[in-house]
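Please open the model in a viewer and keep the sequence panel visible beside it. The stops below are given in the order in which they may be selected.

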Amino acid sequence: MYEIPTLDTSYQKPAAIAVLTSGGDSPGMNPAIRGVVRAALHQGIKVFGINKGYSGLIIGDMWEMNSASVTNIVQRGGTLLKSDRCLAFKDPAVRHQAAEILREKGIEALLVIGGDGSLTGAHLLARESDIRVLGLPGTIDNDIYGTDDTIGFDTAVNTALEAIDKIRDTALSHESLFLVEVMGRNSGFIATHVGIACGAEMIVVPEYEVQVDAISFQLANNRAQGKGSSGIIVVAEGPVPGLTYNLARQLEQHEQKPKVCILGHIQRGGSPSGHDRILASCLGASAVDYLCAGYNDIMIGVRQGKITETPLQQVIEKGKQLDPALFQRALLLHK
Ligand code: ADP
């Protein structure tokens, strides 16, 4: 369980705050909203829910939430507040207008739940206005610096595993090779974790160059060792669509006959795992404590079991890298 920091929550308690979810939705955003709302009400703070991320913020689409507003959402995937991508928020004049809208409603602070793009918007708003802005890492990709874990990652890994275990049955029955594409954009966190947990024959991630020869050799070696000719190769989607199909074509030139299966959006949906519900609830409630203690322009995350804060500037600039030791361990397990 998480160690919760002791903070002086009477230092700079805001009268009213707002919360939004932005960017790609992730399972666990709902328990995070619930954590924020329940902790704020406990402190006597008014909470507004903003619909559709920054798109709702810039037109003042928000509503006052009460304890009942977040009843029965802890187990639900997606986000009660809806999410969106809002290109207009990249314009400083639009952010200025957003701060004005919050001020008019007496809202002193904003909590943003989202991935690196959403946290970039949060940082800019904090820097350019007198609204205090805190971020929570809500993304299935786990690619956020300043936290060991992001809201939704655990659920996405488990969803992918459930699907791959089923694909494995077909792969074994037909002695066939499957390339299973998982999400993760530029990062191989989901692929590496899923690859280890499903016993993949190989894992392909954007951080390391694909070695088609090595994959082919590995598959031939497996056959020679009597492991059969079926297999699962977990492939991270990478920055542009179609990379898994390209890899399939390259493998065909090495006399393999891979089938491609793109898991896609099923990894984003579904009921959050117990792990994600607890993480999201603790982060959401702790974010309110940090606000009351006077913090601004930070992200609340979890490191080595402790709830911690990291300046949003660092979160954006540093980015989180896949641990090479973990990836090497995954490769060793293939053999
Ligand atoms: P995620 O938050 O999941 O990484 P996106 O990268 O699509 O998703 O970002 C979500 C939203 O965050 C964008 O639609 C935009 O409103 C806001 N955002 C992203 N990058 C910036 C930026 N550089 N400046 C201001 N706002 C941004």
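The tour begins at E175, which follows helix 5 and has a positive phi, near 50°. The coordinates belong to a predicted model, and every value quoted here is computed from it.

**Helix 5 and its surroundings**

Select helix 5, residues 153–174. Its 22 residues reach 31 Å from the first C-alpha to the last, close to the 32 Å expected at 1.5 Å a residue. Which residues of helix 5 are buried? They are F153, T155, A156, V157, T159, A160, L161, A163, I164, I167, R168 and A171. An α-helix has 3.6 residues a turn, so residues three or four places apart point the same way. The buried residues of helix 5 pack against strand 6 (177–182), strand 8 (231–236) and strand 9 (258–262), as well as against helix 6 and helix 9.

Next add helix 6, residues 189–198. The axes of helix 5 and helix 6 come within 9 Å and cross at roughly 45°, which makes helix 5 oblique to helix 6. This crossing is right-handed. To display the interface, show side chains for F153, A156, V157, A160, L161, I164 and R168 in helix 5; these meet F189, I190, H193, V194, A197 and C198 in helix 6.

**The open sheet**

Now hide the helices and colour the strands by number. An open sheet is formed by 7 strands in the order 3-2-1-4-5-10-11, with mixed pairing. Strand 3 (62–65) and strand 11 (306–311) are the edge strands; each has a single partner, so one side of each is left without a neighbour in the sheet. From one strand to the next, the twist averages 30°. Strands of a sheet pair through backbone hydrogen bonds, either parallel or antiparallel.

Four pairings may be inspected in turn:

- Strand 1 and strand 2 pair in the parallel sense over 4 bridges; A18 stands opposite F48 in strand 2.
- Strand 1 (residues 16–21) also runs parallel to strand 4 (residues 109–114), to which 5 bridges join it; here I17 stands opposite A109.
- Strand 5 and strand 10 are parallel and share 2 bridges; G135 stands opposite M299 in strand 10.
- Strand 10 and strand 11 run antiparallel and are joined by 6 bridges; the partner of I300 is E309 in strand 11.

Zoom in on the hairpin of strand 10 and strand 11. There are 2 residues between the strands, and in this hairpin Q304 takes a positive phi near 45°.

Is strand 10 enclosed or open to its surroundings? Of the 6 residues in strand 10 (residues 298–303), 5 are buried, so the strand is largely enclosed by the rest of the structure. Strand 2 is likewise largely enclosed, because 4 of its 5 residues are buried.

**Helix 1 against the sheet and helix 9**

Restore the helices and select helix 1, residues 29–42. At 1.5 Å a residue its 14 residues should span 20 Å, which agrees with the 20 Å between its end C-alpha atoms. How many residues of helix 1 are buried? The count is 10 of 14, which leaves the helix mostly covered. Those buried residues are M29, N30, P31, A32, I33, G35, V36, V37, A39 and A40. They pack against strand 1, strand 2 (46–50), strand 3, strand 4 and strand 5 (132–137), and also against helix 9 (274–292).

Rotate the view to bring helix 9 alongside. Helix 1 and helix 9 pack at an angle of about 35° with their axes 7 Å apart, and the crossing is right-handed. On the helix 1 side, P31, A32, R34, G35, V36, A39 and A40 meet R277, A280, S281, G284, A285 and V288 of helix 9. Just after helix 1, G44 takes a positive phi of about 80°.

**Final stop: K82**

Select K82, in the loop between strand 3 and helix 3 (92–104). Is K82 buried or exposed? With a relative accessible area of 51%, K82 is exposed, since the cut-off for exposed is over 50%. Leaving aside its neighbours within four places in sequence, K82 is in contact with T21, K52 and G53. To close, draw a distance from the C-alpha atom of K82 to that of G301: these atoms are separated by 22 Å, and the two residues are 219 residues apart along the chain.

Key: Residues are numbered from 1 along each chain as its sequence is written. This is a predicted model: local features need pLDDT of at least 70, side-chain atom pairs count only at pLDDT 80 or more; totals for chains, interfaces and linings use all residues. Side-chain values use heavy atoms; hydrogens and water are left out. Two strands pair if DSSP finds at least two bridges between them. Axes are lines fitted to C-alpha atoms, for helices over the stretch in contact, and angles run from 0 to 180 degrees between N-to-C directions. The expected span of a helix is 1.5 Å times one less than its number of residues. Buried means under 20% relative accessible area, exposed over 50%, partly exposed in between (1.4 Å probe, protein chains only). Contact means heavy atoms within 4.5 Å. Angles under 35 degrees count as roughly parallel, over 145 as roughly antiparallel, 65 to 115 as roughly perpendicular and the rest as oblique. A crossing is left-handed if the near helix is turned anticlockwise from the far one by less than a right angle, and right-handed if clockwise.
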